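The following exercises ask the reader to work from residue accessibility, contacts and chain elements towards a local picture. Each task is followed by a worked solution.

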Amino acid sequence: MFARGLKRKCADSEDSPPAPPACSLQRQSLLDMSLVKLQLCHMLAEPNLCRSVLIANTVRQLQEEMSQDSAWQVPAPASAGRGPLERLVSTEILCRTPWEQQGGHSAADSGGSPAPDLLSEPPGAPSAQAPRGAPGCAWEAASPRESRGGFQRSLDQIFETLDSKAPRAAEGLFADVDGPYYDLDAVLTGMVGAKSVPGDGFETLAPTGAPPPGVSYKRDLGELDHVVEILVET
Amino acid sequence: MGEDTDTRKINHSFLRDHSYVTEADVISTVEFNHTGELLATGDKGGRVVIFQREPESKNAPHSQGEYDVYSTFQSHEPEFDYLKSLEIEEKINKIKWLPQQNAAHSLLSTNDKTIKLWKITERDKRPEGYNLKDEEGKLKDLSTVTSLQVPVLKPMDLMVEVSPRRVFANGHTYHINSISVNSDCETYMSADDLRINLWHLAITDRSFNIVDIKPANMEDLTEVITASEFHPHHCNLFVYSSSKGSLRLCDMRAAALCDKHSKLFEEPEDPSNRSFFSEIISSVSDVKFSHSGRYMLTRDYLTVKVWDLNMEARPIETYQVHDYLRSKLCSLYENDCIFDKFECAWNGSDSVIMTGAYNNFFRMFDRNTKRDVTLEASRESSKPRAVLKPRRVCVGGKRRRDDISVDSLDFTRKILHTAWHPAENIIAVAAANNLYIFQDKVNSETH
C-alpha cells in the first residue's frame, strides 16, 4: 500500500507537488522494518515479549505520526475515509499476534478470549481458522463480506508463505551480523540516506548498498511489499 | 591485573542449527557469592560452572587468590511445552546465591520457566573398614569374617557434590528474567515479563503473586517488567523496572498484591533527544540496589543511572556508556542490537559502578572522582598478569594511535554480564564463552 502509493507519486513528480519529505521516508522505512521484525517474531521458538512490545510501541508511534501528517494520507479509492484506520488495523493485527500467541494458550490465563477487532463486524460472523490453529490469534478477524473474506484469504496466503521459511530463519538473520552487514554507514545509506535520492526510496529498502546480508532479509522485505499490497486492496 | 580464562571445550552434542559450534557455551549469567569465595556462571547449554578462589599462600605467590573450577553440573535441560508447541530453552538466565548457613553452599538457578535450588557440599572423608562389605562394596563372604571392626573415617580427595534440593516449576507463564533472594533468607522472588511471584525456599508447590501487570486485554499491553530485586536490608521492599524506563518500589506490607507502587522513579524525557527509539533506549535492562541500600543502579541502552531512594523525580547521577551510538540507533534497531540487555554492578563500597558495552569493552565509573575508564576483555589485548590498557572510542576528529573508531566496533562482541566481588576489587566479565577475571593487585583496598 505504501510502496505503491509512493512510487506512483514519485513518477508524477515532474509536474506535481514536491518529493516527499525525507523524514517521512525514514518513518516509512522504519515502519516497514518494524513490521518485518514483528512478523519474524512468529518464526522464533519463543518470541521475546519485551522486544515485541517495544517494536509494537514503535509501530504505534510511527502510525500516529504518519496519520497526523496529512500529507501522507494515501487515498484508497474505495474506502477513502477509512484509509488511516485500515493502516491502523493492519499493523494492529500484525502487532497483536506475538503475545496473543504467547500468553493466550495458557489455561490459567483469564484473558484468553480473542481481542475484539477494531473494525465492526456482524455479530454472527464466523471466525476463520487461523492457519496455525492458534486460538488467540488475531487472524480470526473474518466476516461474510466479500472484501473481508478476500482479506482473510490473503492473510492465510501470507501466513503460509511466512510459515514455509526455515524455522530458524530469524536466527539466520541475526547471525549474519558479521562483516559487511555491520557496516553502519552502508546500512544507514541504504535506509535513511534516501534523502538524496527521493525517487529511489523504496528501491533501497533492502540494503543493496552493502552486500545482501542474507537471502531471508531481502525476501522478508519483498514479502512485506506483498503484504501491504494485499492489505490495501480491501 | 591477572586474567583467568575458562577454557570451554567445543561442544558438538547440541543438535541445534546455530552459527557457532560453541553456542551452548556462551555464558549467560555471572554471580559471586556473599563472601566472594565462589563465582558461579551459567551458560546457554543449561550448565553451571562454579569457580573457587584459591587461598593465598606464600608457597605459590603466583596463584594468589586466583579462581579455579570448583564444580560443574547440568542445571537445566531443554524442555518442550506441548501445550504451546514451544521449546523451553535451557539457558540459565540468572543465578543467585543463598547466604551460607552451614558447611554447604546453596544457589538458585533459573531458566525461562523453572527455578531450581542446588546444594553444593564437599566430601573429603570416607568411611573404611565395613564389616559386611569389602573395599569395593561387594558383600563379604560371612564365613571369612572373624572379628568385628569399627569403620573409620579416612581422608580422601576432595569431592564436590551437587544435588537439586527443590524445583520450583509451573509458576510462570512468561519468561523469567530475574530472581532475588530476600534478606529474610526464607523467601525469594521470581519475575517474568508480566508477573512477580514470591516463593518460600522450602515450598515448591505454591507461590504468591505479588505483582501482575498483565492487562485484561492483551491488545493493551505496552509495558513489561524487565528486572526486579529485593532490598538488601528491608525484607518488605523490592523494586522492579519496566520497558518504559520506570522503576517501581513496592512495599509488601501495603497489600498482598503490590500493583500499586510505593514509589515511582521516572525521569522525564529529554525533548531535545527525542526520536522513534526513545522508548526502546529508555527500557531498563538491569536494576541493582547498592550495598548500602540507599541507592539503585539502572542500566538502559546508552546510560547507567544512580537513583536515590528518597528522590523519585530523576536520578542523582547519569553516566554515558556509549553515547556515540546515539546517532546509529536506526542501524542498531535494524540489527536488533538495540534490544541487547546489559547488566550493571556496584563495587563493594558503592563508589564505583561497572557495565559492559560492545567490542568486548566494559566501562567503570568512579562516582567520587567522576573519572571513567574503558577496558577490553579479550585474549589478544590482555596477557595474564598484565595491566589492562584503557581503550578509547573516537568519534571522528583527532584520532590517537590506539583509538577505535565507532564504525569499526564489533557489535557481535558484547559484554552483557559482569559481576563485582562483594568486598575486593575483583571483577568477573563474560564475553561469549569466555570468562575473564580481573584483579586490582596494586590497590586492593576499596576506595
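**Exercise 1.** Is B:Asp407 buried, partly exposed or exposed, and what is its relative accessible area?

*Solution.* The model is a predicted one.
Step 1: The relative accessible area of B:Asp407 is 37%.
Step 2: Buried requires under 20% and exposed requires over 50%. B:Asp407, at 37%, is therefore partly exposed.

**Exercise 2.** Identify the salt-bridge partner of B:Asp407 and state which parts of the chain the pair ties together.

*Solution.*
Step 1: The side chain of B:Asp407 meets that of B:Lys328 in a salt bridge, at 3.0 Å from N to O.
Step 2: B:Asp407 is found in the loop between strand 28 and strand 29 of chain B, whereas B:Lys328 is in the loop between strand 22 (317-320) and helix 2 (329-334) of chain B, so the salt bridge ties together parts that are 79 residues apart in sequence.
Step 3: B:Lys328 has a relative accessible area of 10% and is therefore buried.
Step 4: The loop between strand 28 (404-405) and strand 29 (417-420) of chain B also holds B:Leu409. With a relative accessible area of 5%, B:Leu409 is buried.

**Exercise 3.** Describe the salt bridges of B:Asp124 and B:Glu376, with the accessibility of each partner.

*Solution.*
Step 1: B:Asp124 meets B:Lys125 through their side chains, at 3.2 Å from N to O.
Step 2: B:Asp124 is partly exposed at 37% relative accessible area, and B:Lys125 is partly exposed at 43%.
Step 3: B:Glu376 forms a salt bridge with B:Arg391, and the closest N and O atoms are 2.2 Å apart.
Step 4: This pair links distant parts of the chain, with B:Glu376 in strand 26 (residues 372-376) of chain B and B:Arg391 in the loop between strand 26 and strand 27 (393-394) of chain B, 15 residues apart.
Step 5: Both B:Glu376 and B:Arg391 are buried.
Step 6: Over all chains, the whole structure has 31 salt bridges.

**Exercise 4.** Does the end-to-end distance of helix 3 of chain A agree or disagree with its expected span?

*Solution.*
Step 1: Helix 3 of chain A comprises residues 49-68, which is 20 residues.
Step 2: At 1.5 Å a residue, the expected span of the helix is 28 Å. The calculation uses one less than the number of residues.
Step 3: The end C-alpha atoms of helix 3 are 28 Å apart, so the two values agree.
Step 4: At the N-terminal end, A:Asn48 caps helix 3 of chain A, with a side-chain oxygen 3.1 Å from the backbone nitrogen of A:Cys50.
Step 5: The helix is mostly covered, as 16 of its 20 residues are buried.

**Exercise 5.** In which sense do strand 1 and strand 2 of chain B pair, and over how many bridges?

*Solution.*
Step 1: Strand 1 of chain B pairs with strand 2 (residues 38-43) of chain B in the antiparallel sense, over 5 bridges.
Step 2: Within this pairing, B:Thr29 stands opposite B:Gly42 of strand 2.
Step 3: The hairpin has 5 residues between the strands, and B:Gly36 takes a positive phi near 85° there.
Step 4: Strand 1 (residues 27-32) of chain B is mostly covered, with 6 of its 6 residues buried.

**Exercise 6.** Which residues form a nonpolar surface patch with B:Leu139?

*Solution.*
Step 1: B:Leu139 lies in the loop between strand 9 (115-128) and strand 10 (152-168) of chain B.
Step 2: Its relative accessibility is 70%, so B:Leu139 counts as exposed.
Step 3: B:Leu132 and B:Leu142 form the patch with B:Leu139, and together the three have about 360 Å² of accessible area.

Note on methods: Residues numbered from 1 in each chain as written. Chains lettered and ligands numbered in written order. Predicted model: local features only at pLDDT ≥ 70, side-chain atom pairs only at ≥ 80, totals over all residues. Heavy atoms only, no water. Patch = residues over 30% accessible without salt bridge, like charges linked within 9 Å, V, L, I, M, F, W, Y side chains within 5 Å. Areas by Shrake-Rupley, 256 points an atom, 1.4 Å probe, with all protein chains shown as cover. Salt bridge = Lys/Arg side-chain N within 4 Å of Asp/Glu carboxyl O. Helix = DSSP H or I, 4+ residues; strand = E, 2+ residues; numbered from the N terminus. Buried < 20%, exposed > 50% of the residue type's maximum accessible area, 1.4 Å probe, protein only. Polar contact = N/O pair within 3.5 Å; in protein donor to acceptor, adjacent residues only side chain to side chain. Pairing = 2+ DSSP bridges.
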